[in-house]
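Here are a few exercises to work through with the model open beside you. Try each task before reading its solution.

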Amino acid sequence: MPNHGICPKCYENDIQVAIRNHVQSHLVCRRCNHSWIERSDALKHHRNQRLGKLEDIEEVLLKRRYEKLDQHFNEGKIDLQEYVDSLTELEDQTKSVKSTLATFLTKRL
């Protein structure tokens, strides 16, 4: 983990690492004495890998949902209004999932 960076309070880059381990570093700004904790680069990397896998899985599931909906419509199991309503619902669910994944990403920085 680097022992340099920018203080989120005064935006100076005179940072001192007070405590460092494999999980996180406790950083202190030498100028304003503000302290904060940063997660290790390894943890950030693993989180990003997990998030990428979740996004890939969601993409596959979304494709299957669209295909199944198209199949039901083409086979005449649902009418045009049901198809449109289902598409709208599917798009809302997709936005919700993407929002949840984005929230997960920003919370875990």
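**Exercise 1. Place Phe73 in the fold and describe its surroundings.**

Step 1: Find the element. Phe73 sits in helix α1, where helices (H or I, at least four residues) and strands (E, at least two) are DSSP runs numbered from the N terminus. This is a predicted model, so local features need pLDDT of at least 70 and side-chain atom pairs count only at pLDDT 80 or more, while totals for chains, interfaces and linings use all residues. Residues are numbered from 1 along each chain as its sequence is written, and side-chain values use heavy atoms, with hydrogens and water left out.

Step 2: Check the exposure. Phe73 has a relative accessible area of 31%, so it goes down as partly exposed (buried is under 20%, exposed over 50%, partly exposed in between, with a 1.4 Å probe and protein chains only).

Step 3: List the partners. Skip residues up to four places away in sequence, and Phe73 touches Ile78, Asp79, Leu80 and Tyr83 (contact means heavy atoms within 4.5 Å). Phe73 and Tyr83 are ten residues apart along the chain, and their C-alpha atoms are separated by 6.5 Å.

Step 4: Look at the surface. Phe73 joins Leu80 and Val84 in a nonpolar patch with about 250 Å² of accessible area together. Patch members have over 30% relative accessible area and no salt bridge; like charges are joined within 9 Å, nonpolar side chains (Val, Leu, Ile, Met, Phe, Trp, Tyr) within 5 Å. The areas come from the Shrake-Rupley method with a 1.4 Å probe, and for residues only the protein chains shown count as cover.

**Exercise 2. Track down the salt bridges and say how exposed their partners are.**

Step 1: Apply the rule: a side-chain nitrogen of Lys or Arg within 4 Å of a carboxyl oxygen of Asp or Glu. You end up with two salt bridges.

Step 2: Take Arg65 and Glu58, whose closest N and O atoms are 3.2 Å apart. Arg65 is partly exposed because its relative accessibility is 33%, whereas Glu58, at 14%, is buried. Glu58 belongs to helix α1, and beyond its neighbours within four places in sequence it contacts Arg65 and Val97.

Step 3: Now Glu75 and Lys77, again with closest N and O atoms 3.2 Å apart. Glu75 is partly exposed at 47%, while Lys77 is exposed at 55%.

**Exercise 3. How many disulfides are there, and where does Cys7 stand?**

Step 1: Use the cut-off, a pair of cysteine sulfur atoms within 2.5 Å. The count is zero.

Step 2: Check Cys7. Its nearest cysteine sulfur belongs to Cys32, 3.7 Å away, and Cys7 is in no disulfide. Cys7 is buried, with 0% relative accessible area, whereas Cys32 is partly exposed at 27%.

**Exercise 4. Sum up the chain: elements, burial and confidence.**

Step 1: Count the elements. The protein chain has two helices and three strands, in the order β-β-β-α-α from the N terminus.

Step 2: Gauge burial. Of the 109 residues, 18% count as buried. The chain exposes about 8300 Å², with carbon and sulfur atoms supplying 51% of it.

Step 3: Read the confidence. Mean pLDDT (the predictor's confidence in each residue, from 0 to 100) is 81, and 82% of residues reach 70 or more. Among the elements, strand β1 (residues 15-20) has the lowest mean, 69, and helix α1 (residues 41-74) the highest, 86.
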